[in-house]
Amino acid sequence: MHLKRILVACSGGPDSMALLDKLNNKNSYYLEVGHVNYHKRETASRDEKIVKDYCKNNNLSFHVLNINPMDVKGNFQAYARVVRYEWFNKLCTKYNLEAVYVAHQQDDVIETYLMQKKKGLDVDYYGIRKTNCLYGVKVVRPLLNCSKNSLQEYCDKKGIKYGIDESNLTDNYERNKIRHSIVDKLNKNERKELIQEINELNKTKEEINKQAINLIKNGLKTNTDKFLSLLCFEEIIRIVASKPMSKSEIKEISRQLTYNKNYKLIGKKYVLVKEYNKVSVFVLPKQYSYDFDEVSSYKTPYFKMCKKSNVKMSCAFVKNEDFPLTIRCFRDGDFIRMRYGSKKINRFFIDKKIEYKDRLIWPIVVNRNNEVILVPGIGCDKGHYSEKPNLYVIKL
């Protein structure tokens, strides 16, 4: 039988100890156990010993990462999250593990949702996802339907030791305040209603997200009023921005699109642009760069190079000292030296009303000194003009 090879993230609290024991009692898993000791409180070593002893008694491999809080600058929780998951990733790689299992439970889902609502965030998912990828590692949360009380009762019934993190008992963090003032006081019906509300919101969000993705992938281009009237326009903005956004941030972007002639929102994967009275959204093109030691016949998805052609404004005369030539995509700040002086290439694009999407992949020819000597469709610099050009680079 094939065993799922997984890493169990175990803090020593009742949630993670319940998760560890439940997984350990299934025959379909091979387990490695990871514990992070932040040394932030006096009972941190106690929690480490709880996990270590369980692993020893059940013949499980135990790994610990020690963090010195004195080495941390800035937001400790943000730092700890990055370090924690980067370490999980290393363990998964080293021991050929498929995923890391963490003990987020139903109370965490509700707390996260209430925090999202309080901040007015337009998120890609309400509550907590059952699976996702963080810092290169697959994360699985199998306890999202279990309440915190039920997990503690599980441990008590089976005699499983666990530690209580005293910091969770204070109201020093926003999440703790929400937990103590709202979540802990919910009865079964109120909890059920909140979970149903979260599920319905996520179902609606998924449908709107599909509409948004389809429009983006199909190359959305329309006038501003029509874009802002789309049911999924807020989702499109969030997808492009690649981060949760508040209603006020969405409102400000809408205002910019309404009143500004030009506007750009560039994310990790997509770009939203308003120009020439149109709003367009498209996949951010990949950057490219090709080096050449001589002029030859060569074709790429972005341009073709040759020695002869009838295409005007796409040729130059290159000398031996120009090589190696580099043909790459346009970059902000690129300029070319003309007979009447230097001019930014972006200015040429604006004058010729070339759309931003095309500018991003427009081929630029530079010589060994990193000087722009040719911009196809615009012309060459003053030092490479000739009635008998020996290089043609044609934009495709």
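So, a definition to start: I call two strands paired if DSSP finds at least two bridges between them. Keep in mind that what's on the screen is a predicted model.

With that, let's go to strand E23, residues 391-395. How many bridges join strand E15 to E23? Four, and the two strands run antiparallel. E15 covers residues 303-306, and if you want one spot to click on, take Cys306, whose bridge partner in E23 is Tyr392.

E23 has another neighbour to look at, strand E16, a short run at residues 315-316. Here we get two bridges, again antiparallel, so by the at-least-two rule this counts as a pair too. In this pairing, Ala316 stands opposite Leu391 of E23.

And is E23 mostly covered or mostly open? Mostly covered: four of its five residues are buried.

Okay, on to charges. Searching the whole structure turns up 19 salt bridges, and I'll walk you through a few.

Let me begin with Asp107 and Arg191, whose side chains meet at 3.0 Å, N to O. This one links distant parts of the chain: Asp107 sits in helix H4, residues 106-119, while Arg191 belongs to helix H7, residues 188-217, and the two are 84 residues apart. Are these partners buried or exposed? Buried is under 20% relative accessible area, so Asp107 at 5% makes the cut, and so does Arg191 at 15%.

Next up, Glu235 and Arg238, with a salt bridge at 3.1 Å, N to O. This pair is local: both are in helix H9, residues 233-241, and because they're three residues apart, about one helical turn separates them. Glu235 is buried at 3% relative accessible area, and Arg238 is buried as well, at 8%.

Now compare that with Arg255 and Glu252, which meet at 2.9 Å, N to O. The spacing will look familiar: three residues apart in helix H10, residues 247-259, so about one helical turn again. What about their exposure, then? Arg255 comes out at 41% relative accessibility, which means partly exposed, and Glu252 is partly exposed too, at 34%.

One last thing while we're on salt bridges. Arg41, Arg46, Asp47 and Asp165 are joined into one network by salt bridges that share partners.

So, to take away: E23 is paired with E15 through four bridges and with E16 through two, and there's a buried Asp107 in a salt bridge with Arg191 that ties H4 to H7. Happy to rotate the model if anyone wants a look.

Notes
Residues are numbered from 1 along each chain as its sequence is written. This is a predicted model: local features need pLDDT of at least 70, side-chain atom pairs count only at pLDDT 80 or more; totals for chains, interfaces and linings use all residues. Side-chain values use heavy atoms; hydrogens and water are left out. Buried means under 20% relative accessible area, exposed over 50%, partly exposed in between (1.4 Å probe, protein chains only). A salt bridge is a side-chain nitrogen of Lys or Arg within 4 Å of a carboxyl oxygen of Asp or Glu.
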